[in-house]
Amino acid sequence: MTNTIKGILDTEVIFVTGSNTTEAHPVIGANIRQAWLRGAKIIVADPRRIGLVDNAEIFLQIRPGTNIALYNGMLNIIMEEGLLAEDYIKERTENFDSIRDVIKEYPAEKVAEICGIDAGELRKAAIMFAKANTAAIFYSMGVTQFANGTHGVMSLSNLALGAGKVGKDSCGINPLRGQNNVQGTCDVGVLTTVYPGYQQVANPDAKAKFEKAWGVENLSPTPGFTLTNMSDHFGEEIKVAYFMGENLLLADADVFMRREQLKKLDFLIVQDIFLTETAELADVVLPAAGFAEKDGTITNTERRVQRVRKAIEPPGSAKVDWEIISEISKRLGYVNKFSSPRQVFDEIASVTPQYGGMDYDRLEDINGLHWPCPTKDHPGTPVLHKAQFSRAGGKATFMQIHHTEPKEHPDHEYPLTLTTGRLLYHFHTRTLSGKVEGLNKKSGRSIIEINPADAQALGIVDGERIRATSRRASIETHALVTDRVGKGVVFMPFHFADGPANALTNPERDPMSLIPELKICTCRLEKL
């Protein structure tokens, strides 16, 4: 997030797109509703009627896969209405003239047809967003999990910059991370292209820096495989895989194919707190400590670094993650200097510029510190880009982004469009929440939401077991007949192993991020 959770309360207009915030991020969802109670106006753009629609001034129920057209259309209206932040664009950005002609190709009527929404409502949303003194964008995987997901984020950036809503309090572009500490793991180098602090592995200076810090030679300058494409290489370049806290066999696209790929490995290691579907295939399972059983830090979705303090001891032979990694490292011939999580964090701070001014003593404050915090006397940075942007030259840039169609289109054989997401009662692949009896009473089985008109046409009754089939697989699930989804669209939560939504989803990937198109594919439904 460029801004803070606390700042939500003073936001005049909140634009939520591709995020079921109150269910997937309930703390932030609660803050958005508190802002609404204080007078904020909410705009929701989503293929599904999410909970925040009850509080929204405008609901744009777009067709899945039309995000970019929507954002370009909003910017077109802002431009045509003379509401561009002209001084801001001139002083703080570059390349706006390069996108003028692109944006002109997305008038409201054309965008309304592409997205399946009302042109008048689109105009109201764009004008409301542009005229607000403070306006913030919140998005999640309903923007990123497409084959054009990176372009979706870029087009959102164009919209925010054109309206002058970045680098100011209670504004900004605010991606909501999918799991606890995703931000922190990215910050400290758990990405294939960067060292800690987003220092590129292909940069010779960064390579030399980390060779010295770690006391090694010849670190590879070549980025590795990502989580989403490494399985393509199992049994070939990759003979051994080591998964930590990642349940590939429910979370990735086309999971039945992933299962077959995992079987090609010579050796599979899984480190987790319970025996997940992926761990069941492992040659070795390393029992790890849970969140309340270890000390350390997390970095949340607003870049706030906080201490985590152990409440109870790990059960049985479970160990905390850093100890397991250190033990394996030692057996492989590299002995690190760590004997405590404090020492691990001290190294992070020593090599990560954004964390350079942090240590455990400064993090004793329960509020933590927002990065970047480069020096010991720096107070942290709750709001990014206030003085200048982090790009060379200090200016943000506009990108030429066009709407592109999803990789699959409804046809006679697969007439319905499937989108996926989360439910309030479960977290990710239910490794933890699936063990809770009360949550399973609320939501204990796989379901697929279907519009009443589609259900009637297919003779499907609410609650009955049905078959869902895509171009990749067939699964059985239960029908939930509801008008939360529009005609021709169905929705499945991906939490459940008894009817895994991601057996159906499309593994086609964004060429830049390599994220699969998990949020849209085509399917058909059948009575059993």
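This passage describes two helices, a buried glutamate and a nonpolar surface patch in a predicted model.

Helix α2 comprises residues 26–37. Its 12 residues reach 16 Å from the first C-alpha to the last, close to the 16 Å expected at 1.5 Å a residue. Five positions of α2 are listed as buried, namely Ile-28, Gly-29, Asn-31, Ile-32 and Ala-35. These residues cover an arc of only 160° around the axis and therefore lie on the same side of α2. In general, an α-helix has 3.6 residues a turn, so residues three or four places apart point the same way. The buried residues of α2 pack against two strands early in the chain numbering, β1 (13–17) and β2 (41–45), as well as against α1 (21–24) and β5 (135–139). Val-27 and Leu-37, in contrast, are exposed on the other side of α2. The helix is followed by Gly-39, which has a positive phi, near 110°.

Helix α3 is formed by residues 67–80. For its 14 residues, a rise of 1.5 Å a residue predicts a span of 20 Å, and the end C-alpha atoms are indeed 20 Å apart. Burial in α3 extends to 13 of the 14 residues, so the helix is largely enclosed by the rest of the structure. A glycine with positive phi follows this helix as well: Gly-82, with phi near 70°.

Glu-347 is located in helix α16, which spans residues 341–351. This glutamate has a relative accessibility of 17% and counts as buried, because the cut-off for burial is under 20%. Leaving aside residues up to four places away in sequence, Glu-347 touches Trp-214, Lys-337 and Phe-338. Glu-347 is separated from Leu-75 by 272 residues in sequence and by 44 Å in space, C-alpha to C-alpha.

At the surface, Ile-273, Phe-274, Phe-291 and Leu-432 make a nonpolar patch of about 380 Å². Leu-432 is found in the loop that connects β16 (416–421) with α17 (437–442). The relative accessible area of Leu-432 is 44%, so this residue is classed as partly exposed, between the limits of 20% and 50%. Leu-432 can join a patch because membership requires over 30% relative accessible area, together with the absence of a salt bridge.

Key
Residues numbered from 1 in each chain as written. Predicted model: local features only at pLDDT ≥ 70, side-chain atom pairs only at ≥ 80, totals over all residues. Heavy atoms only, no water. Helix = DSSP H or I, 4+ residues; strand = E, 2+ residues; numbered from the N terminus. Expected span 1.5 Å × (residues − 1). Buried < 20%, exposed > 50% of the residue type's maximum accessible area, 1.4 Å probe, protein only. Arc of directions from axis to C-beta. Contact = heavy atoms within 4.5 Å. Patch = residues over 30% accessible without salt bridge, like charges linked within 9 Å, V, L, I, M, F, W, Y side chains within 5 Å. Areas by Shrake-Rupley, 256 points an atom, 1.4 Å probe, with all protein chains shown as cover. Salt bridge = Lys/Arg side-chain N within 4 Å of Asp/Glu carboxyl O.
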